[in-house]
Amino acid sequence: MANFYFESKAYTDAARMLEGVLAEEPANLSVRLLLARSYFHSAQLRKAETELRRVLDADPAEDYARLMLGRTLERQGRAEEARPHLRLASAMTGESY
């Protein structure tokens, strides 16, 4: 159901549902990443940052979380902090960010 809300661009509703799922499954990184994306798209950037850092603490090689953290920091006007994350995501994926 949370995926439905996310795909429908009802990001706040998706986040609410995912928060409940995460309370039951705190180690589920896929849920945590989707929650971070929901926060990002609903402009809850501090919450997105927190969740992305948790994903990266558990899995430093998660390239999409690295990219999202860089983008989240950029949107907060923290370009200097974003740069290393974006460079690392670029190196991990071969894409230019």
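## Glu-49 and its surroundings

Apart from residues up to four places away in sequence, Glu-49 makes contact with Leu-69, Thr-72, Leu-73, Gln-76 and Arg-78. The model described here is a predicted one. Glu-49 belongs to helix α4. Its relative accessibility is 9%, and because buried means under 20% relative accessible area, Glu-49 counts as buried.

The side chain of Glu-49 also takes part in a salt bridge with that of Arg-53, with an N to O distance of 3.1 Å. Arg-53 and Glu-49 are four residues apart in helix α4, so about one helical turn separates them. The two partners differ in exposure: Arg-53 is partly exposed at 32% relative accessibility, whereas Glu-49 is buried at 9%.

## Salt bridges

In total, the structure contains nine salt bridges. Side chains of opposite charge can pair when their charged atoms come close. A network of these bridges links Arg-46, Glu-49, Arg-53, Arg-78 and Glu-81. Within this network, Arg-78 is also listed among the contacts of Glu-49.

A further salt bridge joins the side chains of Glu-51 and Arg-32, at 2.4 Å from N to O. Because Glu-51 lies in helix α4 and Arg-32 in helix α3, this pair ties together parts that are 19 residues apart in sequence. Both partners are buried: Glu-51 has a relative accessibility of 7%, and Arg-32 has one of 9%.

In helix α6, which covers residues 79-93, Glu-80 and Arg-83 are three residues apart, and about one helical turn therefore separates them. Their side chains meet in a salt bridge of 2.5 Å, N to O. Glu-80 is exposed, with 60% relative accessibility, while Arg-83 is partly exposed, with a relative accessible area of 39%.

## Helix α4

The end C-alpha atoms of α4 are 20 Å apart, which agrees with the 20 Å that its 14 residues should span at 1.5 Å a residue. The buried residues of this helix are Leu-45, Ala-48, Glu-49, Glu-51, Leu-52, Val-55 and Leu-56. They pack against α2, α3 and α5.

The buried set thus includes two acidic residues, Glu-49 and Glu-51. The side chain of Glu-49 is paired with that of Arg-53, and the side chain of Glu-51 with that of Arg-32.

## Helix α3

Helix α3 comprises the 13 residues 29-41. From its first C-alpha to its last it reaches 18 Å, close to the 18 Å expected at 1.5 Å a residue. At the N-terminal end, α3 is capped by Asn-28, with a side-chain oxygen of that residue 3.1 Å from the backbone nitrogen of Ser-30. Ala-43 follows α3 and has a positive phi, near 60°.

Which residues of α3 are buried? They are Val-31, Arg-32, Leu-33, Leu-34, Leu-35, Ala-36, Ser-38, Tyr-39 and Phe-40. The elements that cover them include α1, α2 (11-24), α4 (45-58) and α5. Arg-32, one of the buried residues, is the α3 partner in the salt bridge to Glu-51 of α4.

## Gly-70 in helix α5

Gly-70 is part of helix α5, which runs over residues 63-75. Its relative accessibility is 0%, and Gly-70 therefore counts as buried. When residues up to four places away in sequence are set aside, Gly-70 touches Ala-82, His-85 and Leu-86. Pro-26 lies 44 residues from Gly-70 in sequence, and their C-alpha atoms are 23 Å apart in space.

## A nonpolar surface patch

Where does Met-1 lie relative to α1? Met-1 is in the segment before that helix, which covers residues 2-7. With a relative accessible area of 65%, Met-1 is exposed. Together with Phe-4 and Met-17, Met-1 forms a nonpolar patch on the surface. The accessible area of these three residues together is about 350 Å².

Technical notes. Residues numbered from 1 in each chain as written. Predicted model: local features only at pLDDT ≥ 70, side-chain atom pairs only at ≥ 80, totals over all residues. Heavy atoms only, no water. Buried < 20%, exposed > 50% of the residue type's maximum accessible area, 1.4 Å probe, protein only. Contact = heavy atoms within 4.5 Å. Patch = residues over 30% accessible without salt bridge, like charges linked within 9 Å, V, L, I, M, F, W, Y side chains within 5 Å. Areas by Shrake-Rupley, 256 points an atom, 1.4 Å probe, with all protein chains shown as cover. Salt bridge = Lys/Arg side-chain N within 4 Å of Asp/Glu carboxyl O. Expected span 1.5 Å × (residues − 1). Polar contact = N/O pair within 3.5 Å; in protein donor to acceptor, adjacent residues only side chain to side chain.
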